[in-house]
Amino acid sequence: MKTIRDTNSPPWIDREVKSALRRKYRALRKYCENKTVQRKLKLRSLSNEIKKLVRQKHRDYLLKIEGSLKENPKLFWNYHKAILHHRPGSNTEITFDGKSAKTAAEKAELFNAYFCSVFTSSKQDKARSLQMYPMRINTELSEITLSFNEVRDCLFILDPSKATGPDGIPARILKECSEQIAPSLCSLFNHSLRAGRFPSEWKSADVTPVHKKDLLEPAENYRPISLLPIASKVMEHCVCNRLYSHVSQSITSLQHGFMRSCSCSLQLLSVLHSIGEALDKNKQTDILYFDFAKAFDTVDHAILIEKLKWYSVTSFFFQ
């Protein structure tokens, strides 16, 4: 069973409020048919009742968000979107490179042109220069064979609320049937790793442009969100666990991004501690901040492969 929610109404408007609204509209129709004093008073009473009910539901919803902010941050962001109406209209005209698009098909072509223009060609010279550096890890990671338990555990922790990919297989099915599905997926994953090839069907993705900043019209103000098949992300998670355990010991402790048990708060505390120590010794502290635009959209594959080899991940994965 799947619950279909009304995305046009605020999240605190529940069944009780909608039922009261229906009673009000019925009373309004009857009053329009015959404008008596009794019907007018009933309509006014229902209107006041709904106003009080909506205010109470809103207060209860805010308390619910406050109490579950850590466990369920998605609830807060739903409220954030409902308040700001942070959703561009379908009639927004998109522009890029002197061209404009109004229809859905034209917008798709324009977004595709922009997202493709962001990716740069392979920098082979820079990739070759990385070969000059010595290996950072002596132990090679030349082969990965996933186990049933690894695949099952990754399936079991799937979030059923996440969107599906082009294959249309929801996370709920994979999660609930993890014990039955894990052996087949484990066999597929290991065959893919042995052959050094990734199924082309799992590379297909539904790309959604999400507005990021400033005006709605320029395509440059959007970022692409790719919805891949969930099975491919399960395999990615399994391989990531093995790769992480292989390289984590060689990564500096100052690295906080994408490291487990590290967070922005820990990084901030570390920096503040270093600044405090420098102030105690009357030393100067200089800080440089870098913000790489579209960093993940411009990753050079050749350089990435050479860096993996630098960490003793052999060519088994790059056939």
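A salt bridge is taken here as a side-chain nitrogen of Lys or Arg within 4 Å of a carboxyl oxygen of Asp or Glu. The model is predicted, so that local features need pLDDT of at least 70 and side-chain atom pairs count only at pLDDT 80 or more, while totals for chains, interfaces and linings use all residues. Residues are numbered from 1 along each chain as its sequence is written, and side-chain values use heavy atoms, with hydrogens and water left out.

**Exercise 1. Find the salt bridge of R242, and state which elements it ties together.**

Solution. Under the rule above, the count comes to eight salt bridges. One of them pairs R242 with E150, whose closest N and O atoms are 2.9 Å apart. Because R242 lies in helix α9 and E150 in helix α6, the pair ties together parts that are 92 residues apart in sequence; helices here are DSSP runs (H or I, at least four residues) and strands likewise (E, at least two), numbered from the N terminus. For accessibility, buried means under 20% relative accessible area, exposed over 50%, and partly exposed in between (1.4 Å probe, protein chains only). R242, with a relative accessible area of 25%, is therefore partly exposed, and E150, at 21%, is partly exposed too.

**Exercise 2. Describe the salt bridge between K309 and E306, and decide whether each partner is buried or partly exposed.**

Solution. The closest N and O atoms of K309 and E306 are 3.7 Å apart. The two residues are three positions apart in helix α11, and so are separated by about one helical turn. K309 has 28% relative accessibility and counts as partly exposed, whereas E306, with a relative accessible area of 13%, is buried. Elsewhere, D14, E16 and K57 are joined into one network by salt bridges that share partners.

**Exercise 3. Locate the patch of positive charge on the surface, and name the element that gives the most residues to it.**

Solution. Patches are made of residues with over 30% relative accessible area and no salt bridge, like charges being joined within 9 Å and nonpolar side chains (Val, Leu, Ile, Met, Phe, Trp, Tyr) within 5 Å. Lys and Arg count as positive and Asp and Glu as negative, with His and the chain ends not counted; the place of a charge is NZ of Lys, CZ of Arg, CG of Asp or CD of Glu. The positive patch gathers R22, R26, R29, K30, R39 and K42. The elements that give two or more residues to the patch are α1 (15–33) and α2 (37–67), and α1 gives the most, with four residues. R39 belongs to helix α2 and, at 31% relative accessibility, counts as partly exposed. Among the buried residues of α2 are L43, L46 and I50.

**Exercise 4. Identify the residues that make the nonpolar surface patch, and place L288.**

Solution. L288, F290 and F292 make a nonpolar surface patch of about 450 Å², accessible areas coming from the Shrake-Rupley method with a 1.4 Å probe and, for residues, with only the protein chains shown counting as cover. L288 is found in the loop between α10 and α11 (301–310), and at 71% relative accessibility it counts as exposed.

**Exercise 5. State where F258 is found, and what is notable about its phi.**

Solution. Most residues other than glycine have a negative phi. F258, although not a glycine, has a positive phi of about 65°. F258 is found in the loop between α9 (230–247) and α10 (264–280), and it counts as exposed at 72% relative accessibility.
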